[in-house]
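Student: I would like a close look at a single part of this protein. Please take one strand and describe its surroundings in a connected account.

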Amino acid sequence: MRFKKVLFKTASAALCLSLLLGGQRGGFSVFAVDATVEDNSNSVSGQDASKEDYKDALADLGSQLKELQNQQDAIQQNINKAKSDKEKALAQKQQIDRQISLTRQQIQLVNDKIALLSDSIAQKEEEIEEKTLEIDESYTLFKKRVRSNYLRGDETTLGLLLGADSFYDFLTRSEIMERIAERDKEIIEQLIADREAIEQAKEQIEQTRSEVEGAKAQLDELTKILNQQLGQTQQQIQDISELEAQFNKDKAATQAEMAAIQADIDAIYAKLDSMEDFVGGKFGWPSPSYSNITSYYGWRFNGSDFHTGIDISGSNIYGTPVVASNAGKVVFVNTNYTPGKGYGKYLIVDHGGGYTTLYAHNSEILVSVGDYVTRGQAIAKVGSTGWSTGPHIHFEIRINGKHTNPLEYLQ
């Protein structure tokens, strides 16, 4: 308000001086400094299209976060429905990969939101700085013109009257004076509008900063949750005795399931077109950091189940890299699975000459079908998806689709 009063007082003083001071009889002159006021449509608030894009992006992030939270709630409800402590523990193990994945997605979305809000703050601050310079320049030019009018003293009513050759000339000069006054008023009103826009933009910045702080607090909470989830899983290793107990609980049904899974795997291999030439070399260990075998190739559970590969596990193995045993082409990737059943998330790499490797129970797969990988390249992350009682790598080497003992080929 103080800024507004000062501007109107300046204008009033200029008009009063024009009315009270005498002018030159011989003519009427107007000294005007160009104080052009730009269209306010591109002022501090930014273009409408940019504002809409910004709002849409924030709304989209909010919707995605809400959907992820709904999925988290659904997972927890499934865990709560488990009747016994053992069933609840199994449900937690089966769902932990999904929870971790969802939490990581939430963290990424919150980081995206923080980045978007921070960009908005930076853009508004830049616009405020530019608009402030424009206001200062316009106001400086306006003051120069007012001061010049005062010093020259040639745009007055008395000078207008005495200097006019006729009444028509007097009216013409009066109209010019009126237009000058109107232009002064327009300049003042535009300067005030620009100043108000700046104040609104500053308020928006403060609101956005509050949103950033809220998002950072949410990020801290999500990070804490993720660490708790990882802590629940990373300390585990595959529990073979518990796996055997599950197998024997309903042996006939489990054996039927395992037979169906192997039939599915065999069908997948039957459709694969292997590269003709073997890439050569020996097969490397699929984990760069872990070597403990928790389940070997061959019959187990008192001859009730044939294990078609080897399982590698250890403390804190969850989320560590699974690497390609040899160079080759990714020919199959599966990310859809039923918790507690099958191989979970797994992939197959073709090495030519009928040789393939299979990596199962991953928490995440890092490659796609058609990708060529090199020996030792990270292709997945250790998980506990599918029929599993703890994070581990299930690793197979197959020749022409038939499983073999991997230890006979590993370097």
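**Strand E8 and its partners**

Tutor: Strand E8 and strand E11 (residues 393-399) run antiparallel and are joined by six bridges. Within this pairing, Leu358 of the one strand stands opposite Glu396 in E11. The model is a predicted one, and the description that follows should be read accordingly.

E8 itself spans residues 355-365 and is mostly covered, with nine of its eleven residues buried. Here a residue is called buried when its relative accessible area is under 20%.

E8 also pairs with strand E7 (residues 345-352), in the antiparallel sense and over six bridges. At the turn of this pair, Gly352 has Tyr355 in E8 as its bridge partner. The hairpin of E7 and E8 has two residues between the strands, and Gly353 takes a positive phi near 65° there.

A further pairing links E8 to strand E10 (residues 378-382), again antiparallel, through three bridges. In this pairing Ile365 stands opposite Ala380 in E10.

The nonpolar cores give a wider setting. The largest nonpolar core has 29 residues, of which Val110 and Ile114 touch the most other members. Two or more residues of this core come from each of helix H2 (48-81), helix H3 (85-152) and helix H5 (167-234). H3 gives the most, with 13 residues. A second, separate core of 22 residues includes Ile312, Val330, Leu347 and Tyr359. Of these, Leu347 falls within the range of E7, residues 345-352, and Tyr359 within that of E8, residues 355-365. In soluble globular proteins, nonpolar side chains tend to be buried together.

Methods. Residues are numbered from 1 along each chain as its sequence is written. This is a predicted model: local features need pLDDT of at least 70, side-chain atom pairs count only at pLDDT 80 or more; totals for chains, interfaces and linings use all residues. Side-chain values use heavy atoms; hydrogens and water are left out. A nonpolar core is a set of buried Ala, Val, Leu, Ile, Met, Phe, Trp, Tyr and Cys residues joined through side-chain atoms within 4.5 Å. Buried means under 20% relative accessible area, exposed over 50%, partly exposed in between (1.4 Å probe, protein chains only). Helices (H or I, at least four residues) and strands (E, at least two) are DSSP runs, numbered from the N terminus. Two strands pair if DSSP finds at least two bridges between them.
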